[in-house]
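This report looks at how the interior of one protein chain is packed, taking aromatic rings, nonpolar cores and enclosed cavities in turn.

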Amino acid sequence: MLVVGAGVFGYTYYSAKKILDDPTDVFASAQETIPPEKQQVKVIDAKTGEEETKTIKDNIILFGLFGVDSNLNRQQRRMGGRTDTMIVVVVDTERHTAKMISCPRDTKTNVKRLDKNGNVIEAVVNKLNAAFPFGGEHGYENTMDAISELFQLKDVAIPRLTKFAGIDMDGIQPVADAVDGVPVKLVKNMSGYGKAGETVILKGQKAEDFVRARKTNGMTSDIDRGNNQKQFVTGIAKRIKEMGATEAVLKLYDKLTKYIDTNMGSDEILALASVLKDIDLDEIEFLTLPGKAVGGNPSYYVLNEEELRKMIIEVFYEDDAPVSQSSPTD
């Protein structure tokens with residue numbers, strides 16, 4: 001028994017150390033998931049007018065962060081509802097930076113309808129957040145597929161989303177209360193909350209109302225709500241980072257597991273935690289898929305493909321020059 005126990009401990013220690021030494025090794029290589037013809041792209045330098053070659057970054061981790069608004073019971077929560085929040089989180093492990101790309105729920109796109117086995121029945125034009133209910137038991141996977149397709153352009157692309165973390169919107173209040181309030185910096189004046197630029201601590205119903213606000217409390221659009229949601233997510237990350245991983249698990253696990261769903265294993269979660277501890281959360285860059293709201297019945301958010309291409313190149317591609325390996329604290 002002692003020998004077996006020592007062996008298990010040794011293997012666990014070795015595995016954990018390997019993950020901490022190279023957290024990106026746990027995730028699929030970004031370059032391996034991009035078609036060869038899209039791994040490099042030619043761009044014109046705005047200052048010099050010269051043509052440059054940029055290559056897809058290989059040291060990035062990305063995953064989907066979803067908030068699901070469901071009216072079904074807990075046993076069926078992956079079989080209905082719609083994604084009220086859809087964010088692509090992009091972590092650059094070399095530069096120790098992170099970006100959050102908000103995907104407006106009304107984005108016009110082709111959405112697949114799946115059967116119970118995950119096979120495609122049909123693809124129809126609809127709003128992006130329809131992908132979750134159209135996926136049935138495969139709602140998260142269908143949502144990741146729909147979002148990934150938005151980023152597959154003629155000459156550039158991003159790695160397809162395969163990992164996600166989702167939270168039932170009913171869990172917003174318990175999450176906020178469990179971390180003793182979530183700090184957020186108001187992007188706009190909000191009635192009952194404060195003025196733009198102020199940092200406020202949100203708990204209970206005010207936390208949920210803040211995340212859901214779309215055309216109330218000074219908010220006027222889905223973009224406003226997306227900005228609030230990104231601030232809220234960052235605030236939670238700050239609280240967890242302040243608590244430390246061990247305390248956070250002990251304090252939050254039992255309270256929040258019924259509201260949270262993910263397909264990431266313990267190795268991937270450990271790898272993410274290792275990377276995120278070196279990131280200045282105040283320096284996270286918030287982006288939104290470029291486009292505009294177009295009225296009609298139904299109304300849609302229509303993407304600007306030219307601006308989207310620029311965003312993809314800026315976030316996911318780099319010059320061929322090597323990146324400095326210096327620590328962020330150097």
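Tyr140 is buried, with a relative accessible area of 4%, in what is a predicted model. Phe132 is likewise buried, and its relative accessible area is 0%. Because buried means under 20% relative accessible area, the value of 4% places Tyr140 in that class, and the value of 0% does so for Phe132.

**Aromatic pairs**

The count of aromatic pairs in the model comes to four. In one of them, the ring centres of Phe66 and Tyr140 are 6.1 Å apart and the planes stand at 20 degrees, so the pair is stacked. This pair links distant parts of the chain, since Phe66 belongs to strand S3 (residues 60-69) while Tyr140 belongs to helix H3 (residues 139-150), 74 residues apart. Both Phe66 and Tyr140 are buried. Tyr140 also forms an aromatic pair with Phe132, and here the arrangement is edge-to-face, with 5.0 Å from centre to centre and 80 degrees between the planes. Taken together, ring pairs join Phe66, Phe132, Tyr140 and Phe164 into a cluster.

Two further rings have a charged side chain over the face, as listed here.

| Charged residue | Ring | Distance from the ring centre |
|---|---|---|
| Arg113 | Phe134 | 4.0 Å |
| Lys206 | Tyr193 | 4.5 Å |

**Nonpolar cores**

In soluble globular proteins, nonpolar side chains tend to be buried together. The largest nonpolar core in this model has 40 residues, and those with the most contacts inside it are Val88, Ile101, Ile147, Phe151, Ile312, Phe316 and Tyr317. The elements that give two or more residues to this core are strand S1 (40-44), S3, strand S4 (82-92), helix H2 (131-134), H3 and helix H9 (305-316). Of these, H9 gives the most, with six residues.

Ile312 shows what such contacts look like for a single side chain: leaving aside residues up to four places away in sequence, Ile312 touches Phe151, Leu153, Val156, Ala157, Ile158 and Tyr317. Apart from the largest core lies another one, of 26 residues, among them Val179, Tyr193, Val200 and Leu256. Tyr193 is thus a member of this other core and also the ring over whose face Lys206 lies.

**A buried loop residue**

Leu289 lies in the loop between strand S12 (285-288) and strand S13 (291-294). Is this loop residue, Leu289, buried or exposed? At 1% relative accessibility, Leu289 counts as buried. Not counting residues up to four places away in sequence, its contacts are with Ile101, Ser102, Cys103, Pro104, Leu150, Phe151, Tyr301, Leu303, Leu308 and Met311. Leu289 and Ile312 are 23 residues apart in sequence, and the distance between them in space is 9.9 Å, C-alpha to C-alpha. Phe151 is touched by Leu289 and by Ile312.

**Cavities**

The structure holds two cavities of 30 Å³ or more, and the largest cavity has a volume of about 70 Å³. Of the 13 residues that line the largest cavity, the closest to its centre are Ser102, Cys103, Pro104, Arg105 and Asp222. Among these lining residues, Ser102, Cys103 and Pro104 are also in contact with Leu289. S4 and helix H6 (222-243) each supply at least two residues of the lining of the largest cavity, and H6 gives the most to it, with five residues. S4 therefore appears twice in this account, since S4 gives two or more residues to the largest nonpolar core and at least two to the lining of the largest cavity.

How values were computed. Residues numbered from 1 in each chain as written. Heavy atoms only, no water. Phe/Tyr/Trp six-rings, centres within 6.5 Å; stacked < 30°, edge-to-face > 60°. Helix = DSSP H or I, 4+ residues; strand = E, 2+ residues; numbered from the N terminus. Buried < 20%, exposed > 50% of the residue type's maximum accessible area, 1.4 Å probe, protein only. Lys NZ or Arg CZ within 6 Å of the ring centre and 35° of its normal. Core = buried A, V, L, I, M, F, W, Y, C linked by side-chain atoms within 4.5 Å. Contact = heavy atoms within 4.5 Å. 1 Å grid on protein atoms, 1.4 Å probe; cavity = no way out; pocket = protein on both sides within 12 Å on 5 of 7 lines; lining within 4 Å. Points joined across faces, edges and corners; volume = space filled by probe spheres on them.
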